[in-house]
Every structure is written in structure tokens, then in C-alpha cells.
Amino acid sequence: MQNSHLYGPVSGKIEPTDPNPLSAALREIAEETSLTPSSHLSLLAVGQPYSFADPDVGKEFEVHPFAFALRREAAEGEVRLCAENDEWRWFRPADVVDEGTVPKVRESLGRVMRARWEAWPELEG
């Protein structure tokens, strides 16, 4: 997703009505892209949460990283962006860099990739 001319994953705030961070993530994905878990997405991994301060905006952020897969039967043409975003595109994990992205994208990506890797033997068994 591109917002403020920086690429980053779908993100947002956990609302009081969200029962947990995963529910908040799914709500934000639906709001920002129109993709839903029932017809488009499969959860791949849940990374370790972390927090960081961004001195550029003077805020502390709590991050709950998740990785999702777009189901093959879902068409990429079904992505409908909300007004918060300028454009979207796919990136291979190896191509994600810190320049031109929101803060800590590589940190979040690393956390979900580690979680996926650690779960892999159980998924194969």
C-alpha cells in the first residue's frame, strides 16, 4: 500500500470494538482494500508484537505483524483501495527495503518470516 508516498503494509489502530489484534488487522484490510478473510485471504503467520518510537512524528507505535496469502481463486482485480492510499503493489520479501517505506517494515517482515519458518515443520507433518 502507498500512503503519504511511502510503501507499507495495511495498518491501523486497534479499536475498542476489536476483540484482538488479528480482528483489527482483518478489519483494516477489508476497509483499505476490500479483501476479506472469508473470500480472499488465508493467515500465514503471526509475528511477535513490538513497539517503537518514531521521532519524526513524535509517536509511539505498537505493532502486531501478520502475514496473509491471497487465495489463488481471488482475483487481484478485486482490490479496491480506500481514499487513504495512492496505489498498491506486491513485493517479494527479499525486495523490501527501508528506503521509501514506512518505519520498521523490514522489522515486521522479519518477525512474520521467523514465525512462519518456526511453524514450518509442524505444517509439513
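**Notebook: salt bridges, helix α1 and ring pairs**

I looked up R111 first: its relative accessible area is 19%, and since buried means under 20%, R111 is buried. I note that the model is a predicted one.

**Entry on R111 and its partner**

I then searched for a charged partner of R111 and found a salt bridge with E107, in which the closest N and O atoms are 2.5 Å apart. I checked the positions of the two residues: R111 and E107 lie four residues apart in helix α2 (residues 105-124), so about one helical turn separates them. An α-helix has 3.6 residues a turn, and residues three or four places apart therefore point the same way. The partner E107 has a relative accessibility of 30%, so I recorded E107 as partly exposed.

I looked next for salt bridges that share partners, and these join D18, R27, E28 and E31 into one network.

**Entry on the other salt bridges**

How many salt bridges does the structure hold? I counted five in the structure.

Within the network I took up R27 and E28, whose side chains meet in a salt bridge at 3.2 Å, N to O. R27 has a relative accessible area of 21% and is partly exposed. E28, at 9% relative accessibility, counts as buried.

I also recorded the salt bridge in which the side chains of R92 and D95 meet, at 3.1 Å from N to O. Are these two residues buried or exposed? R92 has a relative accessible area of 54%, so I entered R92 as exposed. D95 has a relative accessible area of 40% and is partly exposed.

**Entry on helix α1**

I compared the span of helix α1 (residues 21-33) with its expected value. At 1.5 Å a residue, its 13 residues should span 18 Å, and the end C-alpha atoms are 18 Å apart, which agrees.

Which residues of α1 are buried? I listed A24, A25, E28, I29, E32 and T33. Viewed down the axis of α1, the buried residues fall within an arc of 135°, so they line one face of the helix. I then asked what covers these buried residues, and the cover includes β3 (41-46) and β6 (66-70).

I inspected both ends of the helix. At the start of α1, a side-chain oxygen of N20 comes to within 3.2 Å of the backbone nitrogen of L22. After α1 comes S34, and I noted that its phi is positive, near 75°.

**Entry on aromatic rings**

I searched the whole structure for aromatic pairs and obtained three. In the pair of Y50 and F52, the ring centres are 6.2 Å apart and the planes stand at 25°, so I classed this pair as stacked. In the pair of F52 and F61, the centres are 5.5 Å apart and the planes are again at 25°, so this pair is stacked too.

Which residues do the ring pairs link into a cluster? I found Y50, F52 and F61. I looked up the accessibility of the members as well. Y50 is buried, as is F52. For F52 the relative accessibility is 11%, and F52 therefore counts as buried. F61, at 30% relative accessibility, counts as partly exposed.

Definitions and conventions
Residues numbered from 1 in each chain as written. Predicted model: local features only at pLDDT ≥ 70, side-chain atom pairs only at ≥ 80, totals over all residues. Heavy atoms only, no water. Phe/Tyr/Trp six-rings, centres within 6.5 Å; stacked < 30°, edge-to-face > 60°. Buried < 20%, exposed > 50% of the residue type's maximum accessible area, 1.4 Å probe, protein only. Expected span 1.5 Å × (residues − 1). Arc of directions from axis to C-beta. Contact = heavy atoms within 4.5 Å. Polar contact = N/O pair within 3.5 Å; in protein donor to acceptor, adjacent residues only side chain to side chain. Salt bridge = Lys/Arg side-chain N within 4 Å of Asp/Glu carboxyl O.
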